[in-house]
Amino acid sequence: MRKNMCPVQPPAPSTRGCGASGGSHTFNFSVALIIATVMEAFWCCVLVSAPPILALPHTTMGSKNQSHHSETSSKLSCLRHSLGLLDANFFIDKQVEEIDKAAKEFNVPIIVADRKLVASENGGLHYPSPLIFNADWEYQPLHSESKKFECPSISKIQRPESEEDIAFMSVLELGALIKTKQITSQELTQIFLRRLRKYNPVLEAVITFTEELAHKQAKEADELLSQGVYLGPLHGIPYGLKDIIAVPEYKTTWGSKSFKNQVIDMEAWVYKRLKSAGAVLVAKLVSGSLAYDDIWFGGRTRNPWNIEEFSTGSSAGPAASTSAGLVPFAIGSETAGSITYPAARCGITALRPTFGTVGRTGVMSISESLDKLGPFCRSADDCAIVLDIIRGRDPHDHSSKVSSLDDPFHVDITKLTVGYLDDAEMEVVHVLESKGVKMVPFKLNYTVDSAQGILNFTMDVDMLAHFDEWQRSGQDNVYEAQEQWPTELRRACVIPAVDYMQAQRARGRLIKEIRESLTVDAFIGNATDWEKVCVGNLVGFPVIVVPTGFTNISKPPPGGTKRRTTVTTGIYAPPNRDHIALALAMAYQSVTNHHKQRPPMNDLGPDEKISDPPTVIYPARVFGSP
């Protein structure tokens, strides 16, 4: 039973390890559950267990009146303290008493009823909000599916002798081997399953091996090809899915001990698309617990380029597995940095698409206006191939849309003007300039100085709406890292609905200012700068992370090492211009080979060993203040 005292504590500092109509911009958000969750969390903590102030007994005089006055003053003080947490401590005493009475008699019954209707299941898989965020800058409805990309063909390719060489071939190259029947999908699947089992004890990148399903899908791919049926560039190609993506008959754990035995009888939309293209699922890869950073119920995923480091970001499994040659490609997700951070740390090419490009049915939800799915690959070419398969309208995801992308393989980059920020990798600038791109110094200009706080409010309140039952049942007490979601979601309990909406209006202003300042076709800049991560996700920018080199690790072990620190950059484009970012990345990678390098998984150095825990610890990133 709750004690009759003020239980609301000042919000703890938050750390994060990764996640209306204004002008002519249509800008709607997922807020249908916010009032039910946020206001109930506040009022129930303060009011439900106590009778309303106006209903206090008045039976005696003297000392009892004095006691009653003292108790009333105490309750008023408690309520004022709570209202202060909401920046709403401006009411007179009588108004505070009226709020107390009305909250219990009117608000709380509605809140409880709404929660029973939509919040009894965690994860946001059901009852999505009808209010959606539209990242489209054109504002014109799209009536027809754009044409499929014309993927380049590879001729005269020969199967390598070693499995290691096969494992690090691109999707295009592997597809050519399958199409010319130099290797079967079943052979290829076995190669990657062996590599997954060999290196997973070190990397901790796999949650579930889908071996039985993989053999079945590979056999089907081979049988179709023997009948003259070729489904396209992903026909028979193995891959992995981040374990927030549902696949029937297999666990979808969300990386959390609370859900480690969960089986969701649903085919996620992205899985359906890949299955229809003939791709072969070999593993459910690590998601950080509830898609937050690289810590999960089975451990913490490591970086193949330097196994004393962790991979960072909740798409840890897709990044590490692709980097280490354990899968040709993988699908991850980002709400706030969970594609860009692990791709940069693990030195892999990855695309965070425009918001709404890939459907999310069957995927655990953090924030319906921020969540995105994207590919981790060996090259920008491969990212384009995978994106072409998974993009398009998902009938059960209201934020998804018919894709309007042009073919990145046919973009004339000499007609583009591309900006570069102060933190851009200049090798990329010089290479693109040599390829005929007009490169100009550039700066994103905007006056909104609270982008990190806007993202905080949006993500945390949305997440709390999707995991209300998880918090209320006390499962947050056994979460893998208490300074992560538990701290943030407790703080989110006292974010008022009105201030959540003000944050969305501020987001609208940010989008307007960014749109007006974007005078280039694309721009180059750091992919992991936290401000850019926040702004990019709030606006809906696509960005492709590309490896640009390596540096020596700090404090190398005696005797030398092949471990390296990867260097990457981001190529950003306006919403729905993913093809421009892809085309520029393809142009850069056509004359460089950073993306073709292999991490030193088999040769760590003469005196090296993996310490557990690692000697190099990377702390969680700190959120900016709202």
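Reader: Which residues in H16 meet Val535, Asn537, Leu538 and Val539 in H17?
Author: This is a predicted model, so let's take the contact as it is modelled there. The residues of this contact divide into six nonpolar, one polar and one charged. On the H16 side, the ones that meet those four are Arg507, Leu510, Ile511 and Ile514.

Reader: How are H16 and H17 turned relative to each other: roughly parallel or roughly perpendicular?
Author: Two packed helices are described by the angle between their axes and the distance between the axes. Here the axes of H16 (residues 497-517) and H17 (residues 530-539) come within 9 Å and cross at roughly 95°. An angle of 65 to 115 degrees counts as roughly perpendicular. The two helices are therefore roughly perpendicular.

Reader: Now the sheet. Which strands stand at its edges?
Author: Eleven strands make up an open sheet with mixed pairing, in the order E4-E6-E5-E11-E13-E12-E17-E18-E16-E14-E15. An edge strand here has a single partner strand, so one side of it is left without a neighbour in the sheet. That picks out E4 (206-209) and E15 (438-441).

Reader: By how much are neighbouring strands of this sheet turned against each other on average?
Author: Picture going from strand to strand in the order that starts at E4 and ends at E15. With direction ignored, the average turn between neighbours is 30°.

Reader: What is the bridge partner of Gly332 in E13?
Author: Gly332 is in E11, on one side with Ala330 and Glu334. E11 pairs with E13 (residues 372-377) in the antiparallel sense, over five bridges. With E5, E11 pairs in the parallel sense over two bridges, and there Gly240 stands opposite Ala330. Back in E13, the partner of Gly332 is Gly374.

Reader: How many of the five residues of E11 are buried?
Author: Look at both faces of the strand. Ala330, Gly332 and Glu334 on one side are buried, and so are Ile331 and Ser333 on the other. E11 is largely enclosed by the rest of the structure, and its buried count is five of the five.

Reader: Which residue in E18 is the bridge partner of Gly525?
Author: E16 (residues 522-525) and E18 (residues 564-572) run antiparallel, and three bridges join them. In E18, the partner of Gly525 is Gly570.

Reader: Which helix packs on the sheet, touching E12, E14, E16, E17 and E18?
Author: Its direction makes about 30° with that of E17 (543-552). Its twelve residues reach 16 Å from first C-alpha to last, close to the 16 Å expected. Twelve of the twelve are buried, so this helix is largely enclosed by the rest of the structure: H18.

Reader: And which strand does H6 run at about 15° to?
Author: H6 (residues 185-203) lies across three strands, E4, E5 and E6. The angle of about 15° is given for E6.

Reader: Is Phe259 buried or exposed?
Author: Phe259 sits in the loop between E5 and H8 (269-276). Beyond its neighbours within four places in sequence, its contacts include Asn122, Trp254, Leu290, Phe467 and Trp470. Buried means under 20% relative accessible area. Phe259 has 9%, so it is buried.

Reader: What separates the C-alpha atoms of Phe259 and Asn122?
Author: Along the chain these two are 137 residues apart. Even so, Asn122 is among the contacts of Phe259. Their C-alpha atoms are separated by 9.8 Å.

How values were computed:
Residues numbered from 1 in each chain as written. Predicted model: local features only at pLDDT ≥ 70, side-chain atom pairs only at ≥ 80, totals over all residues. Heavy atoms only, no water. Pairing = 2+ DSSP bridges. Axes fitted to C-alpha atoms, helices over the stretch in contact; angles between N-to-C directions. Contact = heavy atoms within 4.5 Å. Parallel < 35°, antiparallel > 145°, perpendicular 65-115°, else oblique. Nonpolar A, V, L, I, M, F, W, Y, C, P; charged D, E, K, R; others polar. Buried < 20%, exposed > 50% of the residue type's maximum accessible area, 1.4 Å probe, protein only. Expected span 1.5 Å × (residues − 1).
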